[in-house]
Amino acid sequence: MAGEQAETSHPINPDLVYFTGTECTHCKSMEPVITQVEKDLGISFNRKEVWHNMANQDEFRKLAIGKCEGIPFFYNKKTGKSICGRASFDGLKAWATGI
């Protein structure tokens with residue numbers, strides 16, 4: 001759910017938003033990659049569930065307009081960079097670090 005922390009002890013980075021869906025199989029397939037990036041950087045992404053939370057869905061729609069039509073969707077509030085769909089470890093880490 002909104003602001004829900006991952007299963008790590010790392011603090012949530014509010015600028016690194018990961019829009020996901022509870023039943024989303026593509027999102028679930030990304031979890032091992034996300035977990036590894038979070039461990040490497042010592043942070044947790046700000047996970048926002050969009051299928052059952054209308055406020056998160058509205059935020060997703062505003063940020064994803066012209067960039068992405070579905071989830072998973074990653075948005076870096078500091079850089080404005082986004083990733084639509086699945087990403088590699090290197091791609092996700094570069095997005096998270098602003099490279």
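1. Burial first, as a cut-off is needed below: a residue counts as buried when its relative accessible area is under 20%, and as exposed when that value is over 50%, with partly exposed in between. By this cut-off Arg 47 and Glu 38 are both buried. The model discussed here is a predicted one.

2. The buried pair is also a charged pair. Arg 47 and Glu 38 form a salt bridge through their side chains, with an N to O distance of 2.7 Å. The pair does not stand alone, since Glu 31 joins Glu 38 and Arg 47 in a network of salt bridges. The count of salt bridges in the model is five. As general background, side chains of opposite charge can pair when their charged atoms come close.

3. A further salt bridge links Lys 48 to Glu 59, at 2.6 Å from N to O. Lys 48 belongs to strand β2 and Glu 59 to helix α2, so this pair ties together parts that are eleven residues apart in sequence. Is Lys 48 buried or exposed? Its relative accessibility is 12%, so Lys 48 counts as buried. Glu 59 has a relative accessibility of 18% and therefore counts as buried too.

4. Glu 59 has a salt bridge with Lys 77 as well; here the closest N and O atoms are 3.4 Å apart. Lys 77 sits in the loop between β3 (73-76) and β4 (82-84) while Glu 59 is in helix α2, so the pair ties together parts 18 residues apart in sequence. Lys 77 is at 39% relative accessibility and so counts as partly exposed.

5. On the sheet: four strands make up an open sheet with mixed pairing, in the order β2-β1-β3-β4. The edges are β2 and β4, each of which has a single partner strand, so one side of each is left without a neighbour in the sheet. From one strand to the next the twist averages 25°.

6. Edge strand β2 deserves a separate remark. How many of the residues of β2 are buried? Six of its six residues are, so to speak, covered: β2 is mostly covered, with six of six buried. β2 pairs with β1 (residues 12-20) in the parallel sense, over six bridges. In this pairing, Phe 19 stands opposite Lys 48 of β2. Between the two strands the chain passes through helix α1 (residues 25-41), and this β-α-β crossover from β1 to β2 is right-handed. Helix α1 lies across β1, β2 and β3, and runs at about 155° to β2.

7. At the other edge, β3 and β4 run antiparallel and are joined by three bridges. Phe 74 stands opposite Ile 83, a residue of β4.

8. Trp 95 is a residue of helix α3 (residues 89-97). With a relative accessibility of 3%, Trp 95 counts as buried. Neighbours within four places in sequence aside, the contacts of Trp 95 are Leu 16, Val 17, Phe 45, Phe 74, Tyr 75, Asn 76, Lys 81, Ser 82 and Ile 83. Phe 74 and Ile 83, the opposed residues of point 7, are thus among the contacts of Trp 95. A polar atom of the Trp 95 side chain lies 3.1 Å from the backbone oxygen of Lys 81. For scale, the C-alpha atoms of Trp 95 and Gln 36 are 14 Å apart in space, and the two residues are 59 apart in sequence.

9. Two loop details are worth checking in the viewer. Asn 53 is in the loop between β2 (44-49) and α2 (54-64). Its side chain has a polar atom 3.1 Å from the backbone nitrogen of Ala 55. The backbone nitrogen of Asn 56 lies 2.9 Å from a polar atom of the Asn 53 side chain.

10. The second detail concerns the loop between α2 and β3, which holds Pro 72. Is the peptide bond from Ile 71 to Pro 72 cis or trans? The bond is cis, and its omega is near 5°. By way of background, most peptide bonds are trans.

Notes:
Residues numbered from 1 in each chain as written. Predicted model: local features only at pLDDT ≥ 70, side-chain atom pairs only at ≥ 80, totals over all residues. Heavy atoms only, no water. Polar contact = N/O pair within 3.5 Å; in protein donor to acceptor, adjacent residues only side chain to side chain. Salt bridge = Lys/Arg side-chain N within 4 Å of Asp/Glu carboxyl O. Buried < 20%, exposed > 50% of the residue type's maximum accessible area, 1.4 Å probe, protein only. Pairing = 2+ DSSP bridges. Right-handed = clockwise from strand over helix to strand, strands pointing away. Axes fitted to C-alpha atoms, helices over the stretch in contact; angles between N-to-C directions. Contact = heavy atoms within 4.5 Å.
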